[in-house]
Each structure stands twice: as C-alpha cells, then as structure tokens.
There are 2 protein chains.
Amino acid sequence: MMKYYYDLMSQPSRACYIFLKKNKIPFTPCPLRITKGEHRSEEYTKINPFQLVPAIEHNGFNLTESVAILRYLCREFPHVGEEWYPSDSKIQARIDEYMEWQHLNTRMQLAMYFQTKFIIPKMTGTEPDMKTVERSQDRMETILDQFEEIWLDNRPYVAGDKITVADIVAICELEQPSMAGYDVTEGRPKLAEYMKRVKKHLQPEYDEAFEQVYRVRGRFWGGENAPHSKL
Amino acid sequence: MMKYYYDLMSQPSRACYIFLKKNKIPFTPCPLRITKGEHRSEEYTKINPFQLVPAIEHNGFNLTESVAILRYLCREFPHVGEEWYPSDSKIQARIDEYMEWQHLNTRMQLAMYFQTKFIIPKMTGTEPDMKTVERSQDRMETILDQFEEIWLDNRPYVAGDKITVADIVAICELEQPSMAGYDVTEGRPKLAEYMKRVKKHLQPEYDEAFEQVYRVRGRFWGGENAPHSKL
C-alpha cells in the first residue's frame with residue numbers, strides 16, 4: 001500500500017490529495033503538521049531529506065515534488081492517466097508547460113503574499129509590514145492577470161478543452177490568498193468562471209481537501225465579506 | 001524545420017541548446033538578445049506571451065518552459081528519449097523530481113545571487129549592495145550544499161548511475177555564479193567531480209553553448225583566480 005505524507009494546509013499537498021481521492025488510488029494517509037514541525041522529524045527526513053510535503057512511499061520507492069508525484073501516479077495507475085494527463089504529445093506539452101511555469105509564478109508569488117500578509121504576522125504576533133505586503137500584492141496581481149489573460153485565453157482549462165492535472169495544480173494555489181483575505185476573482189471574471197468550473201469538477205473531494213482552508217478563512221475573514229463566499 | 005528561440009546568456013536556453021546539438025536534432029537557430037530587449041518584440045510575444053526564453057516553434061506548435069521543451073523533444077524525437085529520459089518509471093520519476101525541485105532552488109537562488117552581485121550593479125553602474133549580496137549568497141550556499149549532500153549522495157548523476165536530461169538542466173545553472181566571481185566547487189569536492197564528469201560528457205557542445213559565459217568570466221574574473229579555471 002502506498003503511503004502519502006501531506007499537510008492539507010500546503011497547496012501541493014492538497015493537489016495530490018484530491019488527485020489520489022478523485023481517482024480512488026488506495027493509500028495510507030500519513031498527515032504531518034508543519035506548524036508542529038513534524039516535517040523535520042528524523043523519521044520523515046528519511047522519506048524526504050528536504051523536509052517538505054508532500055511525499056509518497058510506494059513499494060519502497062520514495063518520491064517528493066508534487067508535480068513529479070502526479071506524473072508518477074499517472075504512469076503507475078494507468079486507469080487514471082489518460083483522463084488527467086493524456087498521451088497526446090502536444091496536450092502533454094501544454095500541461096507540462098503550465099506545471100513548470102507555475103513554480104516561479106502562481107506558486108511562488110501567491111504563497112509569498114499569503115506569508116507576508118498572514119502567516120508571518122500570525123506567527124510573530126505583529127501587524128503585517130504593509131510595504132512588504134504591497135510589494136507582494138503587486139507581484140501576485142501581475143501573475144493573476146497573466147493567468148487570466150494568457151493561460152485562460154480562449155480556453156476553458158489551462159491545457160485546452162478538458163480538465164487535466166494542470167488545473168488541479170493551479171486551483172490549489174489560486175485558493176491560497178483567500179486565507180489572507182484576498183479574493184483573486186475580484187475584477188477577474190474569466191478567472192472566477194474558471195475556478196467555479198474546476199471546483200465543480202473536483203467535488204466532493206475538493207471540499208474535503210479544503211476543509212481546513214475554509215475553516216481558517218471563516219475564522220479570520222468570515223461573514224458576508226468572506227472571499228469566494230459566492231463560489 | 002523547428003525554430004529555436006534562445007539567448008545563450010540564459011541558463012535554460014543553454015540547456016535546450018546543448019540537448020538539441022548533442023542529439024543532432026535539426027533546428028533553425030533564432031537567437032535573441034535579452035539585453036537589447038528583443039524578447040519583448042511584438043513578433044516574439046506571439047511565440048511566447050510571457051516574453052521569456054527559450055521557446056520552440058515546431059510544425060506550428062509553440063512551446064515555452066525549458067523542462068517542458070526537453071520532455072517534448074524526447075517524445076517527438078524518440079531516438080534521443082531513451083538515453084536522456086529513460087522510459088523506466090522510477091528513473092523518470094527521479095529525473096522529474098529534480099527538474100521540479102530546481103525551479104525554486106538551484107534555478108532561483110543561483111540566478112538571484114548572479115543578479116544582485118553582478119547584473120544589477122553592471123546595469124545601474126553602481127557597487128553591489130553587500131547586505132543583499134550576503135543574503136543571496138547564504139541562500140545560494142544552502143542550496144549548493146543540499147545539491148552536494150542530497151542529490152549527489154552516493155550517485156554519480158542526479159538521477160542515478162547514468163547521465164540524464166536532469167544533469168544538463170543542473171549544470172547550466174551551476175555554472176552561472178562563476179560569472180559573478182563565485183566558484184561553486186570551492187569546498188565542495190563531490191560537486192567539483194560531478195561538474196567535471198557532466199561537462200566531459202557534454203563536450204564539445206558544452207563549450208560551444210558556454211562561449212559567451214566564458215568570455216564574461218574571462219573579462220571580469222580572468223587570470224589565475226578565475227572560478228573553475230581548473231575544470
């Protein structure tokens with residue numbers, strides 16, 4: 001049985017979790033709490049020497065990096081591969097292109113905003129440094145606009161007409177700023193429609209994976225002004 | 001005929017260039033000079049709306065992101081695939097793992113050091129801000145140590161016993177700080193041996209792709225103290 005190590009507060013952990021559940025790939029859940037430092041334990045360091053989540057252990061083979069894990073799962077469980085990562089070379093190339101692009105863009109900039117606006121202030125018990133937050137927000141908004149204008153240019157999903165693994169990777173990052181009170185869909189109608197579309201396709205596993213995210217959002221930004229409250 | 005858009009001062013451009021040349025994949029070279037802003041032209045923006053290099057145009061199909069390009073080439077030109085990106089699922093997973101890991105690590109941190117120590121001062125005609133340089137250097141050294149201790153732990157190449165596409169991606173980033181006068185091999189004997197090994201395997205295409213890098217290195221850090229002078 002494959003072991004899956006994850007923390008559902010981490011975007012890539014959620015992406016692999018949704019993928020595993022959606023495709024009914026059997027696994028032993030091994031949740032870790034990053035806030036408790038459990039990813040730094042001696043035991044987990046043997047699984048992932050970089051001390052990051054997610055990771056899998058499959059028949060004695062350890063693998064880290066969510067995108068590599070998703071590709072591996074598509075190969076090892078071929079009943080899921082064709083739907084989420086089609087064998088057509090050009091579609092695969094477009095999926096890969098997004099999954100490579102996102103590291104330094106959606107992944108990095110949205111996470112950075114979340115950290116400067118929310119995580120660092122909460123952990124240190126201080127007010128956010130507004131100059132740093134503004135800088136992160138600028139960078140994040142450039143990326144969000146590129147996502148809407150370039151990746152969603154005349155296509156309902158990142159790689160074309162159908163949902164693929166690239167959309168799972170994308171939406172897990174796109175939800176993150178909402179925990180810091182920022183609604184990425186505001187003023188971005190194509191992005192709003194896209195998120196609704198992807199989310200609907202991924203239910204009910206999506207809501208299960210996002211339970212903790214919803215809880216944080218409700219606690220800090222609840223009520224009528226909650227980001228994505230209408231999604 | 002495939003068109004290849006690149007600037008050999010860019011690490012990922014060099015990686016794809018070496019791969020194309022080494023495997024005798026025919027292409028029309030379309031060099032762009034980033035310092036002249038040629039990547040921002042209207043014409044090139046149609047090829048790559050993100051205005052970055054490298055990119056390819058193959059039978060009317062445009063593709064960006066070096067890692068996605070390398071995988072695409074392995075599929076489209078199967079005579080090269082097995083050697084550089086073997087079909088074995090676990091080896092492929094290990095290669096993917098590195099190629100995903102590198103974005104926020106070797107790629108980002110080494111490039112950041114190069115920018116703060118060299119590019120920004122040269123472009124603005126000012127002295128490097130030593131506090132920023134020190135911070136970048138710390139981050140870069142953490143990554144270089146991880147590369148040596150984790151990626152090169154008991155294996156001659158990143159993905160195991162044989163050279164793969166992951167090593168081409170790796171070495172093109174590892175050479176970059178030398179242009180800012182920093183020798184990544186200093187105090188890292190395993191990394192030094194690794195770089196020698198990979199470089200040797202990639203000759204003579206390697207030296208051809210690095211001609212401009214060598215020239216910059218020679219001009220600013222020439223003589224006996226040149227980084228990598230012994231490689």
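Author: Let's start with a term: a polar contact is a pair of N or O atoms within 3.5 Å, where, inside protein, one atom must be able to donate a hydrogen and the other to accept it. Keep in mind that we're looking at a predicted model.

Reader: Okay, so which side chain does A:Glu205 make a polar contact with?

Author: The partner is the side chain of A:Lys22, at 2.9 Å. You'll find A:Glu205 in helix 10 of chain A.

Reader: Is A:Glu205 buried or exposed?

Author: Buried means under 20% relative accessible area. A:Glu205 comes in at 12%, so it counts as buried. Leaving out residues up to four places away in sequence, A:Glu205 touches A:Ile18, A:Lys21 and A:Lys22.

Reader: Let's move on to rings. How do I describe two aromatic rings that pair up?

Author: You give the distance of the centres and the angle of the planes. Over all chains, this structure holds 38 aromatic pairs. Take A:Tyr4 and A:Phe27: their ring centres are 5.8 Å apart and the planes meet at 85 degrees, so we call the pair edge-to-face.

Reader: Which parts of chain A does that pair tie together?

Author: A:Tyr4 belongs to strand 1 (residues 2–6) and A:Phe27 to strand 2 (residues 27–31), so the pair ties together parts that are 23 residues apart in sequence. Both A:Tyr4 and A:Phe27 are buried.

Reader: Which residues do ring pairs link into a cluster?

Author: One cluster takes in A:Phe50 together with B:Tyr98, B:Trp101, B:Phe147, B:Trp151 and B:Tyr194. Look at the letters as you read that list: the cluster has a residue of chain A and residues of chain B.

Reader: And where does the charged end of A:Arg197 sit?

Author: Over the ring of A:Tyr157, 6.0 Å from its centre. In chain B, B:Arg197 lies over the face of B:Tyr157, at 6.0 Å from the ring centre.

Reader: Now helices. How many ångströms should helix 7 of chain A span?

Author: The idea is to count 1.5 Å a residue, using one less than the number of residues. Helix 7 (residues 130–151) has 22 residues, so it should span 32 Å; the end C-alpha atoms are 30 Å apart, which agrees.

Reader: Which residues of helix 7 are buried, and what covers them?

Author: The buried ones include A:Val133, A:Met140, A:Leu144, A:Phe147 and A:Trp151. A:Glu148 is also on the list of buried residues. Their cover includes helix 5 (89–101), helix 6 (106–124), helix 8 (165–174) and helix 9 (189–202) of chain A.

Reader: What sits in the loop between helix 5 and helix 6 of chain A?

Author: A:Gln102 is one of the residues there. A:Gln102 is buried, with a relative accessible area of 2%. Setting aside neighbours within four places in sequence, A:Gln102 is in contact with A:Val67, A:Arg107, A:Met108, A:Val169 and A:Glu173.

Reader: What should I expect of phi and of peptide bonds?

Author: Most residues other than glycine have a negative phi, and most peptide bonds are trans. Now try A:Lys24: its phi is positive, about 50 degrees, although A:Lys24 is not a glycine. A:Lys24 is in the loop between helix 1 (11–22) and strand 2 of chain A, and is exposed at 70% relative accessible area.

Reader: What about A:Gln51?

Author: A:Gln51 has a positive phi near 60 degrees, and again the residue isn't glycine. A:Gln51 is in the loop between helix 2 (42–47) and strand 3 (55–58) of chain A. With a relative accessible area of 25%, A:Gln51 is partly exposed.

Reader: Where are the cis peptide bonds at A:Pro204 and B:Pro54?

Author: One joins A:Gln203 and A:Pro204, with omega about -5 degrees; A:Pro204 is in the loop between helix 9 and helix 10 (205–209) of chain A. The other runs from B:Val53 to B:Pro54, with omega near 0 degrees. B:Pro54 lies in the loop between helix 2 (42–47) and strand 3 (55–58) of chain B.

Reader: Last one: how many residues apart along the chain are B:Leu8 and B:Ala209?

Author: They are 201 residues apart along the chain, while their C-alpha atoms are separated by 6.4 Å. B:Leu8 is buried, at 11% relative accessible area, and among the residues B:Leu8 touches are B:Tyr17, B:Ala209 and B:Val213.

Definitions and conventions: Residues are numbered from 1 along each chain as its sequence is written. Chains are lettered from A and ligands numbered from 1 in the order in which they are written. This is a predicted model: local features need pLDDT of at least 70, side-chain atom pairs count only at pLDDT 80 or more; totals for chains, interfaces and linings use all residues. Side-chain values use heavy atoms; hydrogens and water are left out. Rings of Phe, Tyr and Trp (its six-membered ring) pair if their centres lie within 6.5 Å; planes under 30 degrees apart count as stacked, over 60 as edge-to-face and the rest as tilted. Helices (H or I, at least four residues) and strands (E, at least two) are DSSP runs, numbered from the N terminus. Buried means under 20% relative accessible area, exposed over 50%, partly exposed in between (1.4 Å probe, protein chains only). A charge sits over a ring if NZ of Lys or CZ of Arg is within 6 Å of the ring centre and within 35 degrees of the ring normal. Contact means heavy atoms within 4.5 Å.
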